[in-house]
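Visitor: Please take me through one part of this model closely. I would like to look at a sheet and what packs against it.

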Amino acid sequence: EPHIGHAYTAVLCDVAHRWNRLKHPGAQAQFSIGTDEHGSKIFQAALAAKSTPKQFCDRVSSKFSDLFTDLELSHTNFIRTTDPAHLEAVQHFWMKIQDNGYIYKSTYSGYYSITDECFIPEEDVVKKIVEGGAEKLTLKSNGTPVEWIEEENYMFRLSEFREKVAEWINRENIVVHPSKYKSLALTSLEMSEDLSISRSRSRLSWGIPVPNDPTQTIYVWLDALVNYLTVTGFPNAQSVWPPTCQVIGKDITKFHLYYWPAFLMAAGLSLPQKVFIHGHWLIDNVKMSKSLGNVVNPSEAITKFTAEGLRYFLLKHGNPSYDCSFNWNSCLQTINSDLVNNVGNLLNRSTVEKINKEGMYPKMEIEDIEAEIRENAKKLMEMVEESRENCVDLYDEMSYFKIIENLMLTMKEANRLFQSSQPWKEIDEKRLKSLLFVTYDTIRVVTILLQPITPKMAEFCLNRLGVPKNERNLENSRFGSYSGGKLGAERGVFIDRIQK
């Protein structure tokens with residue numbers, strides 16, 4: 001079932017998609033996400049739940065679909081690998097590789113991890129004595145079950161692509177992001193032999209049959225990876241290919257940076273332009289585990305913190321280059337400090353009728369700003385101008401935590417200016433107009449830039465400032481670029497202070 005790591009991957013993708021739409025309005029773009037539903041692990045989980053595999057998948061997949069809706073993702077595709085269109089795509093892909101001479105039949109034997117759905121080197125397997133004195137094969141790293149398989153399978157000539165995949169990965173600063181994961185990607189190429197890409201259907205019936213051989217089931221990872229092709233219309237006319245970016249957790253690097261490019265090369269298809277890898281989420285610096293009871297249900301977190309609040313926390317505290325830690329209290333404090341105080345409070349304080357009696361967003365030239373306010377706001381205006389340039393580069397790098405840091409520092413400076421200027425006291429009309437202009441323009445630019453990260457909050461702030469929808473594009477995120485006008489309706493606060 002979904003956990004906080006799934007939510008993080010999904011939100012990373014969502015921000016990338018929203019950023020592309022903000023940067024390239026009207027351009028064709030797809031954001032695909034979904035559930036991988038075949039294989040031994042799913043089959044055994046369904047049996048344990050006293051359910052058919054399809055019924056089990058329907059139930060669990062719907063939880064992911066509901067989560068992605070709750071997170072207000074902008075995805076264009078939700079794919080399930082049990083979809084009929086996917087079965088067609090996988091079988092066509094198989095035939096393409098086979099016709100190109102990269103599939104052959106052979107007897108294969110080896111240790112197979114049901115949890116990871118892949119073959120395991122002998123040195124990574126240990127024998128464990130269980131209750132009653134029986135021996136059980138487990139994976140050395142995490143104790144999950146391993147089984148010995150010896151059967152006739154179809155094999156993929158993976159060994160022929162090892163060097164070619166290494167060359168692709170070594171294209172400096174192009175394929176693997178962040179760059180620290182490049183060594184992990186290269187390490188995943190250690191397997192030098194060919195790859196078994198089918199299982200006997202008598203052992204595994206829950207999966208897509210091999211074309212023209214119903215006695216064999218297609219290897220679950222070959223099946224799952226083809227989903228990226230399925231959503232583009234493959235094997236028929238494709239809307240977009242190759243992917244600009246695929247986003248994965250570091251634990252599935254081998255499959256996306258060795259098997260997948262090798263499969264695509266064998267099929268004569270273009271490779272992804274970028275694979276973005278992120279670390280795992282810990283809970284209070286401890287690995288998530290059902291046995292420890294510390295798995296965070298993202299739906300519970302949304303109920304407590306709102307979807308916007310959870311998105312914001314994950315993106316602010318999620319540095320993709322490292323494992324990150326989720327803490328309920330830290331989440332609460334982050335949302336209250338940044339979204340409630342730093343942004344929401346300033347918007348509400350500066351737009352109240354007591355301070356802005358006419359309810360107008362003033363328009364001024366910078367040189368016409370009252371002298372003392374202009375001097376006091378000099379640093380702030382420089383920060384606002386720099387924010388746009390910095391954010392463009394950081395969004396392209398998917399360094400969202402750095403964007404948040406940059407924009408929150410700008411908002412803190414805006415709060416300092418507003419507080420020190422004391423507009424609630426009797427002050428000169430030009431001075432007040434100048435202060436409101438600088439404050440509103442800061443909030444406007446910051447929230448335009450925050451649209452991919454906190455879309456609902458950004459919309460709330462821009463609506464309150466009266467900014468028309470057609471003036472919320474990247475080109476509008478410049479200080480002084482807005483012509484001003486009447487403020488929007490007062491709708492209270494976007495997010496209430498969260499209590500423990």
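Guide: **The parallel sheet**

G249 has H278, in strand 14, as its bridge partner. This is a predicted model. The G249 pairing belongs to a longer story: strand 13 and strand 14 (residues 275-278) run parallel and share 4 bridges. Helix 9 (residues 253-267) packs on the sheet. Helix 9 touches strand 8, strand 13 and strand 14. Its direction makes about 135 degrees with that of strand 13.

Now the sheet as a whole. It is open and built from 3 strands, in the order 8-14-13, with parallel pairing. Strand 8 (176-177) and strand 13 (246-249) stand at the edges. Each has a single partner strand, so one side of each is left without a neighbour in the sheet. In a regular strand, side chains alternate between the two faces of the sheet.

A second helix comes in from the start of the chain numbering. Helix 1 (residues 4-23) lies across strand 13 and strand 14. Helix 1 runs at about 140 degrees to strand 14.

For contrast, look at the antiparallel pairs. Strand 10 (residues 198-200) pairs with strand 12 (residues 213-218) in the antiparallel sense, over 3 bridges. There, S198 has I218 of strand 12 as its bridge partner. Strand 11 (residues 209-210) also pairs antiparallel with strand 12, over 2 bridges. V210 stands opposite D213 of strand 12. The hairpin of strand 11 and strand 12 has 2 residues between the strands. In that hairpin, N212 takes a positive phi near 70 degrees.

Notes: Residues numbered from 1 in each chain as written. Predicted model: local features only at pLDDT ≥ 70, side-chain atom pairs only at ≥ 80, totals over all residues. Heavy atoms only, no water. Pairing = 2+ DSSP bridges. Contact = heavy atoms within 4.5 Å. Axes fitted to C-alpha atoms, helices over the stretch in contact; angles between N-to-C directions.
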